[in-house]
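I opened the notebook to record what I looked up in this structure, entry by entry. The sequence and the coordinates come before my notes.

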Amino acid sequence: MATVVGDPVKTQDGSTIIPISKVSFGFVAGGGQYAGGVTAPQADGLPFAGGAGAGVSVHPMGFLVCSQNGVRLLSASCASPMERIVEMIPQAIEELRGLSDEEKERPQPPRVNATYQEP
């Protein structure tokens with residue numbers, strides 16, 4: 001099993017999307033010669049059995065999205081609600097940081113110091 005990173009794709013807004021897949025492959029082979037078996041002997045005196053096989057599977061895992069706002073992993077699999085919440089935590093933290101930065105950059109109204117005196 002291996003992870004494969006595909007060719008990056010550039011979008012119009014300057015983001016880069018990189019596909020990520022999981023590749024699994026396997027091979028098997030077998031054979032045998034039977035001495036004294038119940039099958040009829042071949043020309044050399046022993047029966048023979050053999051076989052071979054191979055398999056490959058490719059499963060898309062998700063997409064890595066690199067933009068000016070940071071890097072995010074978009075999962076291609078259907079996740080449970082709890083897994084989805086865990087995936088969203090970093091994005092929520094970044095949005096909260098952005099809100100606090102906006103408050104710092106927002107101009108504050110001037111403070112007025114006034115005192116009241118009764119006549």
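**Entry 1: Thr 16**

I began by locating Thr 16, and I found that Thr 16 has its place in strand β3. I note at once that I am working with a predicted model, so every statement below is a statement about that model.

I then asked whether Thr 16 is buried or exposed. The relative accessibility of Thr 16 comes to 13%, and because buried means under 20% relative accessible area, I entered Thr 16 as buried.

Next I looked up what surrounds Thr 16. Leaving aside residues up to four places away in sequence, I listed Pro 8, Val 9, Lys 10, Leu 64, Val 65 and Cys 66 as the residues that Thr 16 touches. With one of these, Lys 10, the side chain of Thr 16 also makes a polar contact through the side chain of Lys 10, at 3.5 Å.

**Entry 2: strand pairing**

From Thr 16 I moved on to the strands. I found β3, which covers residues 16-33, running antiparallel to β4 and joined to β4 by 18 bridges. Within the strands I looked up Ser 21, which stands opposite Pro 60 in β4.

Which strand does β4 pair with over 6 bridges? I found that β4, residues 48-67, pairs in the antiparallel sense with β5, residues 70-75, and that a hairpin of 2 residues joins β4 to β5. For individual bridge partners in β5, I wrote down Val 71 for Cys 66 and Leu 74 for Phe 63. Cys 66 had already appeared in my list of residues touched by Thr 16.

**Entry 3: the helix and a surface patch**

I turned to Ile 93, which I found in helix α1, residues 81-105. The relative accessible area of Ile 93 is 39%, so I recorded Ile 93 as partly exposed. Ile 93 also belongs to a nonpolar surface patch of about 480 Å², which Ile 93 makes together with Met 82, Ile 85, Val 86 and Ile 89.

**Entry 4: the whole protein**

Finally I looked up the totals. I counted 1 helix and 5 strands in the protein, and read along the sequence these follow the pattern β-β-β-β-β-α. Of the 119 residues in the protein, buried residues make up 8%, and Thr 16 counts as buried. The protein exposes about 10,400 Å², of which carbon and sulfur atoms supply 59%. Among contacts with a separation of 6 or more, I noted that 39% are accounted for by residues 24 or more positions apart.

How values were computed:
Residues are numbered from 1 along each chain as its sequence is written. This is a predicted model: local features need pLDDT of at least 70, side-chain atom pairs count only at pLDDT 80 or more; totals for chains, interfaces and linings use all residues. Side-chain values use heavy atoms; hydrogens and water are left out. Two strands pair if DSSP finds at least two bridges between them. Helices (H or I, at least four residues) and strands (E, at least two) are DSSP runs, numbered from the N terminus. Patches are made of residues with over 30% relative accessible area and no salt bridge: like charges are joined within 9 Å, nonpolar side chains (Val, Leu, Ile, Met, Phe, Trp, Tyr) within 5 Å. Accessible areas come from the Shrake-Rupley method with a 1.4 Å probe; for residues, only the protein chains shown count as cover. A salt bridge is a side-chain nitrogen of Lys or Arg within 4 Å of a carboxyl oxygen of Asp or Glu. Buried means under 20% relative accessible area, exposed over 50%, partly exposed in between (1.4 Å probe, protein chains only). A polar contact is a pair of N or O atoms within 3.5 Å; within protein, one must be able to donate a hydrogen and the other to accept it, and residues adjacent in sequence count only if both atoms are side-chain atoms. Contact means heavy atoms within 4.5 Å.
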